[in-house]
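Trainee: Could we go through this model together, one question at a time?
Mentor: Gladly, let's have a look.

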Amino acid sequence: MGVEIRGKTIVITGASSGIGAAAAKLLARKGARVCLVARRADELARVKADIEAAGGQAWIYPADLSKEAEIDACARAILAEHPQVDVLVNNAARSIRRLVSESFDRFHDYQRTMQLNYFGPLRLTLAMLPGMLARGQGHIVNVSSYSTMLTVPRFSAYVASKSALEGFSRSLAAELVGKAIYVTVINYPLVKTPMTAPTAGYRYLKQMEPEEAAGWIVKAIEKRPARVATFIQAAWGVLLAAFPTLMTAYTGRFMLRRARKLQARVERDAQRNGRA
């Protein structure tokens, strides 16, 4: 028997589309009171309207989570209306796909990725934790990626930021043992969202639908495991830890070769469509 979701106040970042929007709707259908956080107020209003039309409860808090002042203002606004936040889902993120050799003059890519993917969730977590500690209950769910469990080229900025978030999660979880406050990391595979859409080659790969991904968030909240991932991801992570040199070489060559094949396919399709 899992944790009862009905009646819980759940904050979800990146809730204007993709996984966040799908999770908010699913959680609201299960009776949660959902607080929606994202930059686009109009999109948040649309998600809120959908939730309320289905009989759920939702509140919106527009904020750019790459800006510290807006994070702080958002946290104050949420806690003013909802003194008890039961679950914080740090889902908002950005991804950059670029080789390190093409990034020598793009240090800002690493800064902005770290700001949204690590410092944003960290700052919001630090704002919500005091209340959880005072009540002796709570749950932090940090959304990450399968790429932290593999050796993935071209995503050094993204993987570094998510790895930082996972490192913080592990340390925090260790500190909270016995305090009835849980920390879960979700390692998603590719999910069909606006974040993955710009990479044309992904349309040829199997991608999880946002609604299925939302189910992982529900599972995380109900079961409160340390990690949610596929068996293959977990096994690959074990192999990488046991045989880092071998697995890094193998995975790096495999991923780079696959990327070249996908790009060639994109270009062939573009040529065919151009002739059509």
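Trainee: Is R46 buried, partly exposed or exposed?
Mentor: Keep in mind that this is a predicted model. The relative accessibility of R46 is 35%. Buried means under 20% and exposed means over 50%, so R46 counts as partly exposed.

Trainee: Which residue forms a salt bridge with R46, with the closest N and O atoms 3.7 Å apart?
Mentor: Look along helix α2 (residues 41-53), where the two partners are four residues apart and so separated by about one helical turn. The partner is partly exposed, with a relative accessible area of 36%. With its closest atoms 3.7 Å from those of R46, within the 4 Å cut-off, the residue is D50.

Trainee: How far apart in sequence are the parts that D72 and R123 tie together?
Mentor: D72 and R123 form a salt bridge, with the closest N and O atoms 2.8 Å apart. D72 lies in helix α3 (residues 68-81) and R123 in helix α4, so the separation of the parts they tie together is 51 residues.

Trainee: Which residues are joined into one network by salt bridges that share partners?
Mentor: The R46 and D50 pair belongs to this network. Its full membership is K25, E43, R46 and D50.

Trainee: Nice! Which helix gives the most to the lining of the largest cavity?
Mentor: That cavity has a volume of about 40 Å³. Its lining includes L116, G120, P121 and L124, and by class it has five nonpolar, three polar and no charged residues. The helix that gives the most, with four residues, is α4 (residues 107-135).

Definitions and conventions: Residues numbered from 1 in each chain as written. Predicted model: local features only at pLDDT ≥ 70, side-chain atom pairs only at ≥ 80, totals over all residues. Heavy atoms only, no water. 1 Å grid on protein atoms, 1.4 Å probe; cavity = no way out; pocket = protein on both sides within 12 Å on 5 of 7 lines; lining within 4 Å. Points joined across faces, edges and corners; volume = space filled by probe spheres on them. Helix = DSSP H or I, 4+ residues; strand = E, 2+ residues; numbered from the N terminus. Nonpolar A, V, L, I, M, F, W, Y, C, P; charged D, E, K, R; others polar. Salt bridge = Lys/Arg side-chain N within 4 Å of Asp/Glu carboxyl O. Buried < 20%, exposed > 50% of the residue type's maximum accessible area, 1.4 Å probe, protein only.
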